[in-house]
Amino acid sequence: MPKTIEQLMAAFQLRDLQNLVTAYDWLKQNGRTIEDLRHYLAGKPREMARPAQGAAALWNKKAPRCPRCGAPLLLREINLKPGRGNENGYRSEWHCTNGDCIYEKYDRLTVSEQLNRHGLKNLARSVRRCGKER
Ligand SMILES: [Zn+2]
């Protein structure tokens, strides 16, 4: 049986859906498409694997803790190929969620491997990409 619009949209916050419609209308008014938006998002730097909507509490419980301040860590993908700028071949980076703390730890495991290892796979909303900046 086909799902109703209520069933299909139940996983999203009302505010997110309103923002989506606003963005869609704005794209359309300017002769752009969802594909343009997808392309734009794919090119955004410094983004990260974040807890899915409603999964933040569980993420905070399961995620590795910051060794400096004890706050849960977030995970970021490093998409620079090993070599110049990424001599150690890092694939992911954990960083502290505490805005006052600058802890970060680079690792050769991929984001996907990290999520599996820490039991976070189903909690991550999106794996965004970033370049290593230092
Ligand atoms: Zn910290």
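**A quick tour: helix α2, the core and R68**

Let's start with helix α2, residues 14-29: at 1.5 Å a residue, its 16 residues should span 22 Å, and the end C-alpha atoms sit 23 Å apart, so the two values agree. Keep in mind that this is a predicted model. Below are a few more notes on α2, then the largest nonpolar core, and then one loop residue, R68.

**Around α2**
- Helix α2 is hardly covered, as zero of its 16 residues count as buried.
- Just after α2 comes G31, which takes a positive phi of about 70°.

**The largest nonpolar core**
- Twelve residues make up the largest nonpolar core, and among them are W59, A63, W94, C96, L120, L123 and A124.
- Three elements, namely β2, β3 (92-96) and α5 (111-117), each supply at least two residues of this core.
- The one that gives the most is β2, with three residues.
- Other members of the core include L73, L74, L75, V111 and L115.

**R68 and its surroundings**
- You'll find R68 in the loop between α4 (56-62) and β2 (73-77).
- Is R68 buried or exposed? It counts as exposed, because R68 has 11 C-beta neighbours inside 10 Å and the cut-off for exposed is 12 or fewer.
- Which residues does R68 contact, leaving aside its neighbours within four places in sequence? They are C101 and Y103.
- Along the chain, R68 and Y103 are 35 residues apart, yet their C-alpha atoms are separated by 7.0 Å.

Key:
Residues numbered from 1 in each chain as written. Predicted model: local features only at pLDDT ≥ 70, side-chain atom pairs only at ≥ 80, totals over all residues. Helix = DSSP H or I, 4+ residues; strand = E, 2+ residues; numbered from the N terminus. Buried ≥ 20, exposed ≤ 12 C-beta atoms within 10 Å, placed from the backbone. Contact = placed C-beta atoms within 7 Å. Core = buried A, V, L, I, M, F, W, Y, C linked by C-beta atoms within 7 Å. Expected span 1.5 Å × (residues − 1).
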